[in-house]
Amino acid sequence: MKHLLSILILLGLMSAVSAGQNEEVLKLAPEFDKRIYDTEIKFENTVILYGYWPSQFDGKNVAEGWCVEFDSKIKYIHLANKAGKIVGSTGCN
């Protein structure tokens, strides 16, 4: 699924310039993962994906899957539930 998501987003972003890539990915994220209802970038290097995440799931793995979608400026991905609690997190290379 990670590779399919990467391909779909890459095709949708081919015309985007590098500076706007992260914002475009954030805008498209809820279309590719229906659990996501809001997104934001904080501190210029951290993405927060707000979603209806299950009470038990591999949040680190889900967050890692999103790292490849963003440019190298993004260093961290956090998944937050509707209460704002971080339920998954990873550092991106």
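This short talk walks through the disulfide, the nonpolar core, one strand residue and the salt bridges of the structure above, which is a predicted model.

Let me begin with the disulfide, since a search of the whole structure finds one. The link is formed by Cys67 and Cys92, with their sulfur atoms 1.9 Å apart, and it ties together distant parts of the chain, because Cys67 sits in helix 3, residues 59-67, while Cys92 belongs to the segment after strand 4, 25 residues apart. The angle about the S-S bond is -75°, and the link of Cys67 and Cys92 is left-handed. As for accessibility, Cys67 counts as buried at 15%, and Cys92 is buried too, with a relative accessible area of 11%.

Helix 3 brings us to the largest nonpolar core, which has 16 residues, and of these Val47, Leu49, Trp66, Phe70 and Ile77 touch the most other members. The elements giving two or more residues to this core are helix 2 (18-32), strand 2 (46-51), helix 3 and strand 3 (76-80), and helix 3 gives the most, with four residues.

If we stay with Leu49 for a moment and leave aside its neighbours within four places in sequence, its contacts include Leu26, Ile36, Trp66, Ile77 and also Thr39.

Which element holds Thr39? Thr39 lies in strand 1, residues 36-42, and with a relative accessible area of 18% Thr39 falls under the 20% limit and is therefore buried. Apart from its neighbours within four places in sequence, Thr39 is in contact with Leu26, Ala29, Ile48, Leu49 and Tyr50. The side chain of Thr39 reaches the backbone oxygen of Leu26 at 3.4 Å, and the C-alpha atoms of Thr39 and Ala29 are separated by 8.0 Å, although these residues are 10 apart along the chain.

Finally, I turn to charge: side chains of opposite charge can pair when their charged atoms come close. The structure holds three salt bridges. In helix 2, Lys27 and Glu24 are three residues apart, about one turn of the helix, and their closest N and O atoms are 3.5 Å apart; here Lys27 counts as exposed at 56%, whereas Glu24 is partly exposed at 24%. In helix 3, Lys60 and Glu64 are four residues apart, again about one turn, and their side chains meet at 2.5 Å, N to O. Asp33 and Arg35 also meet in a salt bridge, at 2.8 Å, in which Asp33 is buried, with a relative accessible area of 8%, while Arg35 counts as partly exposed at 29%.

Conventions: Residues are numbered from 1 along each chain as its sequence is written. This is a predicted model: local features need pLDDT of at least 70, side-chain atom pairs count only at pLDDT 80 or more; totals for chains, interfaces and linings use all residues. Side-chain values use heavy atoms; hydrogens and water are left out. A disulfide is a pair of cysteine sulfur atoms within 2.5 Å. Buried means under 20% relative accessible area, exposed over 50%, partly exposed in between (1.4 Å probe, protein chains only). A nonpolar core is a set of buried Ala, Val, Leu, Ile, Met, Phe, Trp, Tyr and Cys residues joined through side-chain atoms within 4.5 Å. Contact means heavy atoms within 4.5 Å. A polar contact is a pair of N or O atoms within 3.5 Å; within protein, one must be able to donate a hydrogen and the other to accept it, and residues adjacent in sequence count only if both atoms are side-chain atoms. A salt bridge is a side-chain nitrogen of Lys or Arg within 4 Å of a carboxyl oxygen of Asp or Glu.
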